[in-house]
Amino acid sequence: MIDKYTTISRMIGSCLVVTAYFVVVHVNVIVGTMLHALACILSVPFFIRTKAWDVVIMLSFMTCISFTKFAL
């Protein structure tokens, strides 16, 4: 059951990454970074479950960078 939710969350996160990139480039940087942070947060549980620690660290780092953009 958990596997199903984390897989769906990862798929939504993957779609949001592409959407966030489009929003950053063509619409609004702040909204785009918020979408990107959300995408990373949605994807992390899947990679924790699969023990892909390098991806977890990368996504965590990218989320921190996104937070600094819209926190200012």
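This report describes helix α2 and its surroundings in a predicted model.

**Helix α2**

Helix α2 spans residues 29–49, a run of 21 residues. From its first C-alpha to its last the helix reaches 31 Å, which is close to the 30 Å expected at 1.5 Å a residue. The helix nevertheless contains a kink of about 30°, located at Ser43, shortly before the proline Pro45.

At the start of α2, Asn28 provides a side-chain oxygen that comes to within 2.9 Å of the backbone nitrogen of Ile30. Beyond the other end of the helix comes Lys51, a residue with a positive phi near 60°. Lys51 has this positive phi although it is not a glycine. The residue belongs to the loop between α2 and α3, the latter covering residues 53–71. Lys51 is classed as exposed because its relative accessible area is 59%, and exposed means over 50%.

The buried residues of α2 are Gly32, Thr33, His36, Ala37, Ala39, Cys40, Ser43, Val44, Phe46 and Phe47. Ser43, the site of the kink, is therefore among the residues with under 20% relative accessible area.

**Relations between α2 and α3**

One of the buried residues of α2, His36, has a partner in helix α3. The side chain of His36 makes a polar contact with the side chain of Ser66, at 3.2 Å. Ser66 lies in helix α3 and has a relative accessible area of 6%, so it is buried. Both residues of this contact are thus buried, His36 in α2 and Ser66 in α3.

A further pair is formed by Cys40 and Met58. Their C-alpha atoms are 9.4 Å apart in space, while the residues are 18 apart in sequence. Cys40 is another of the buried residues of α2. Met58 is found in helix α3, and its relative accessibility of 41% makes it partly exposed.

**The link between α2 and α1**

Side chains of opposite charge can pair when their charged atoms come close. The count for this model is 1 salt bridge. It joins the side chains of Arg49 and Asp3, with a distance of 3.3 Å from N to O. Arg49 lies in helix α2 and Asp3 in helix α1, so the pair ties together parts that are 46 residues apart in sequence. Arg49 is partly exposed at 31% relative accessibility, and Asp3 is likewise partly exposed at 43%.

**Helix α1 and the nonpolar patch**

Helix α1 covers residues 2–26. Thr7 has its place in this helix and counts as partly exposed at 25% relative accessibility. Thr7 and Phe22 are 15 residues apart in sequence, and their C-alpha atoms lie 23 Å apart in space.

Tyr21, Val24, Val25 and Val29 make a nonpolar surface patch of about 360 Å². Helix α1 contributes the largest share of this patch, with 3 residues. Val24, a patch member, is found in helix α1 and is partly exposed at 32% relative accessibility.

**Accessibility of selected residues**

The table gathers the relative accessible areas of residues discussed above.

| Residue | Relative accessible area | Class |
|---|---|---|
| Ser66 | 6% | buried |
| Thr7 | 25% | partly exposed |
| Arg49 | 31% | partly exposed |
| Val24 | 32% | partly exposed |
| Met58 | 41% | partly exposed |
| Asp3 | 43% | partly exposed |
| Lys51 | 59% | exposed |

Conventions:
Residues numbered from 1 in each chain as written. Predicted model: local features only at pLDDT ≥ 70, side-chain atom pairs only at ≥ 80, totals over all residues. Heavy atoms only, no water. Helix = DSSP H or I, 4+ residues; strand = E, 2+ residues; numbered from the N terminus. Expected span 1.5 Å × (residues − 1). Bend = angle between axes of the 7 residues up to and from the residue. Buried < 20%, exposed > 50% of the residue type's maximum accessible area, 1.4 Å probe, protein only. Polar contact = N/O pair within 3.5 Å; in protein donor to acceptor, adjacent residues only side chain to side chain. Patch = residues over 30% accessible without salt bridge, like charges linked within 9 Å, V, L, I, M, F, W, Y side chains within 5 Å. Areas by Shrake-Rupley, 256 points an atom, 1.4 Å probe, with all protein chains shown as cover. Salt bridge = Lys/Arg side-chain N within 4 Å of Asp/Glu carboxyl O.
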